[in-house]
Amino acid sequence: MAVSAGIGAVVAAGTAAAAGPWQGGQRTAERRFAAARDAGDHGSAGSTGATAAGNGKAATGAAGGRLPSLVPSTLPSAAPVLAPAGASASALPAGTATALAAKLDPLLTADGMGPVRTGAVIDVGSGTVLYDHDDSTATTPASTTKLATATAALGLLGPEKRLTTRVVLDAKGEVVLVGGGDPTLTLGQLATDTAKALKADGRTRIALGYDTSLYSGPSLHPIGHNENLAPVTALMDNEGRLDGSSSGPAQRAWDPAAGAASAFAQLLGKQGITVTGVSHARGGHGGSVDGTTLATHASAPLSDLVERMLTNSDNDLAEALARQVALAGGQPASFAGGAAAIKAALTRYGVALPGASFHDGSGLDHADRVAPVTLARLLALAASPAHPELRSVLTGLPVAGFTGTLAGRFDGSGSAAAGLVHAKTGTLTGTNTIAGTVVTSGGRLLAFSFMTQGGTDPVATESALDALATAVATS
C-alpha cells in the first residue's frame, strides 16, 4: 500500500520535543534569578550572550589550542547561571597555599581514609595549584568519571543536542521503533503521534519492529546485570526501570529494548491500532531505517541531561552519553569506543591526563584511572569564559546538604559547608572520591578533588572526605 502524502503533515504536527523530568535543566530558583537579572539589565546580558554565541570563533583550550570541532556552532542564549571565573582575578593573598596545606594535610591522615590518599585544589581564576598531594597519581575515580563524560559530551555535541527516537514505516509496511540512544524516553506522546499518522494513512493493523542498530555491543557492563545500570541499548524507556522510579538503584529489565517495544505496542492498542506482532527489526544500520518517518520524540537538551546525570549520579545517562561521544568522535558506540572518544576529547581540550585510563562513561568499572589534578582541571575548564558550552558541568553538581547525592551529606548541625560545597562524589568497594567547587569567604572560586583507596569503613571515609571539602570551603 502506498504511503499517502498526508503522513508528512501529521509528522510535522506530531513531533514531540519533551521537556523531560528535569524541568528545563536549571533549577527553579536559578531560572528565576537569571530571569530577574536579565530583566533588570533590559536584555543586555542576553544580547551579549547572543553576540558571543554567534561570532563563529573557536574557543581556546587550556593549553592555548583552538578547538573548532569541539565547540558547537550555537550556544545557549541564556546567560550562565554561574558567573565564569575571569582571567583578571585579583592576586592571591600571600600565604594562601601554606595556610591551606596546614588545614588539609592532617585531614588526609584522618580515621577512615584509606592507605592511598591524593588531592588537588586549584584557584580557578588564576589557574594556580594551591594544594598538591600526589595530585598526578591516577587511581579509581568511581562516579567522578562522569565529570569527564559530561565535558566530552558537551564539547563534542554541544549543550543543545537532543537524542531523537523515531517511528518509521519501512518499505515492507512494517512500523519500526528506532532507538536514538535516549534512556529517558517516555512513550506516551510518541504512541499518540504514531497512531494519528497511521490512521491518516488508513492503517489500523500493523506489525511492529524495533531497531537498536545505533549502538554496537556488548550491552552488558563488566559488573553484569545490576540494579545500578540497565543493559546499555539504543532503545529503552525510563532507563529500563521496572518500579516506576526515576533515580537511584532499581530492578531493571533484562532486555530494555524489547520491553520498550512491547510497552509501545500496548500504547498503540489503546489508540485503536492493532499490533499483530513485535520483533527485533534487522534492516537498520547505525540507527537509521529506510522508510517514511511517522513520528519523533526528542529528549531534553544535552545540558539538561548532563545536569540530571551529575546531580543523581545517573549511570544509564552516563553510558548513553559516552556512546554519543563515541559516535561524534568516529568510534564504535560501545564501552570501549566511548572510553577512547572521551579521552581524545579531553586531550583536545588540553586537560592534563596523567595516568588516565577510561573503560566506561559511568565510573562503575574498577579499572578506570583518573588523577585528582584531572578532575580539578575539568571543573576549572567548565568555569572558563572561553567555554560556556560546559557550564552545566557546574550547575549539575549536587549541593552539599540539599540536592542529589549530597542531600544526605554535610547536613549535620552547624555544618559550615552545607550549601557551599558543590561536588560530584564517587563510591565503589574500597574507593571513595569527591570533586567539586567552592566559593571562599574572600570570593575566590576553587576547584578541588580528593580521592582515597582501601578504606574499610565507608561511613568514616565519606566523613573524612566531607571534612576535606569543608576545609576548602572555609579557607
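What follows is a conversation about how some terms apply to this predicted model.

Tutor: Welcome! Local features in this predicted model need pLDDT of at least 70, side-chain atom pairs count only at pLDDT 80 or more, and totals for chains, interfaces and linings use all residues. Residues are numbered from 1 along each chain as its sequence is written, and side-chain values use heavy atoms, with hydrogens and water left out.

Student: Why are H4 and H13 called roughly antiparallel to each other?

Tutor: Helix H4 (residues 96–107) and helix H13 (residues 458–473) pack at an angle of about 175°, with their axes 10 Å apart. Angles over 145 degrees count as roughly antiparallel, so H4 and H13 earn that description.

Student: What makes the contact between H4 and H13?

Tutor: Contact means heavy atoms within 4.5 Å. H4 brings Leu100, Lys103, Leu104 and Leu107, while H13 brings Ala467, Leu468, Ala471 and Val472. These divide into seven nonpolar, no polar and one charged.

Student: Thr440 sits in the loop between strand E10 (431–439) and strand E11 (445–453). How do you know whether Thr440 counts as buried or exposed?

Tutor: Buried means under 20% relative accessible area, exposed over 50%, partly exposed in between (1.4 Å probe, protein chains only). Thr440 has 11% relative accessibility, so Thr440 counts as buried. Leaving aside neighbours within four places in sequence, Thr440 is in contact with Leu446, Val472, Ala473 and Ser475.

Student: Why is strand E6 described as largely enclosed by the rest of the structure?

Tutor: Five of the seven residues of E6 (residues 205–211) are buried, so that description follows.

Student: How do you know that E6 pairs with strand E5 (residues 175–178)?

Tutor: Two strands pair if DSSP finds at least two bridges between them. Four bridges join E5 to E6, and these strands run parallel; Val176 has Gly209 as its bridge partner in E6. Five bridges join E6 to strand E7 (residues 274–280), again a parallel arrangement, with His280 in E7 as the partner of Tyr210.

Student: What is the handedness of the crossover from E5 to E6?

Tutor: The chain passes from E5 through helix H6 (residues 188–200) to E6, a right-handed β-α-β crossover. Right-handed means that, with the strands pointing away from the viewer, the path from the first strand over the helix to the second runs clockwise. E6, helix H7 (residues 256–270) and E7 also make a right-handed β-α-β unit.

Student: What makes E3 and E9 edge strands?

Tutor: Five strands form an open antiparallel sheet in the order E3-E2-E11-E10-E9. Strand E3 (128–133) and strand E9 (422–428) each pair on one side only.

Note on methods: Axes fitted to C-alpha atoms, helices over the stretch in contact; angles between N-to-C directions. Helix = DSSP H or I, 4+ residues; strand = E, 2+ residues; numbered from the N terminus. Parallel < 35°, antiparallel > 145°, perpendicular 65-115°, else oblique. Nonpolar A, V, L, I, M, F, W, Y, C, P; charged D, E, K, R; others polar.
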